[in-house]
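Let's practise checking labels against their cut-offs. Take a look at the structure below before reading on.

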Amino acid sequence: MFNVNLSELIKQKRKENGMTLEQLGKRVGVSKMTVLRWESGEIKNIRTDKIEKLASALGIPVVALFEGFNKNNNNKKNNKLWKRRMMK
C-alpha cells in the first residue's frame, strides 16, 4: 500500500472497495469532480477536514494518506506545514 503515491492510493482503494467517484465523494462530503482531481493528482493537498473522512471511507489508516502525501510532495517545508496543521 505504501509503494504508491497519494492519487494512486485513493484510486486503488476506491476501486478495491467497489465505490464510484460519486459514492466516495458523498462519504467524504465533496463532489465526484474533487475525487477525480485527487485521483488525477491535480489536487495534491487534500483539505485537513477531509483527511479523516477519506481514510475512513477507504478503510485505511490516516497515516497511509500522509505517506502518499509525502511521496507526492517532495518539498520538506510543505510537508512540515502539512503535519503541523494536522496536529492542531
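Here are some questions and answers about the labels used for this model.

This is a predicted model, in which local features need pLDDT of at least 70 and side-chain atom pairs count only at pLDDT 80 or more, while totals for chains, interfaces and linings use all residues. Residues are numbered from 1 along each chain as its sequence is written, and side-chain values use heavy atoms, with hydrogens and water left out.

Q: Why is the pair Arg14 and Glu39 called a salt bridge?
A: A salt bridge is a side-chain nitrogen of Lys or Arg within 4 Å of a carboxyl oxygen of Asp or Glu. The closest N and O atoms of Arg14 and Glu39 are 2.5 Å apart, so the pair fits.

Q: What makes Arg14 count as buried?
A: Buried means under 20% relative accessible area, exposed over 50%, and partly exposed in between (1.4 Å probe, protein chains only). Arg14 has 8%, so buried is the right word. Its partner Glu39, at 10%, is buried too.

Q: How do you know whether Arg37 and Glu42 are buried, partly exposed or exposed?
A: Arg37 has 33%, so it lands in between and is partly exposed. Glu42 has 54%, which is over 50%, so that one is exposed.

Q: Why do Arg47 and Asp49 get a salt bridge label?
A: Their closest N and O atoms sit 2.7 Å apart, so they pass the 4 Å cut-off. Arg47 is exposed at 52%, whereas Asp49 is partly exposed at 39%.
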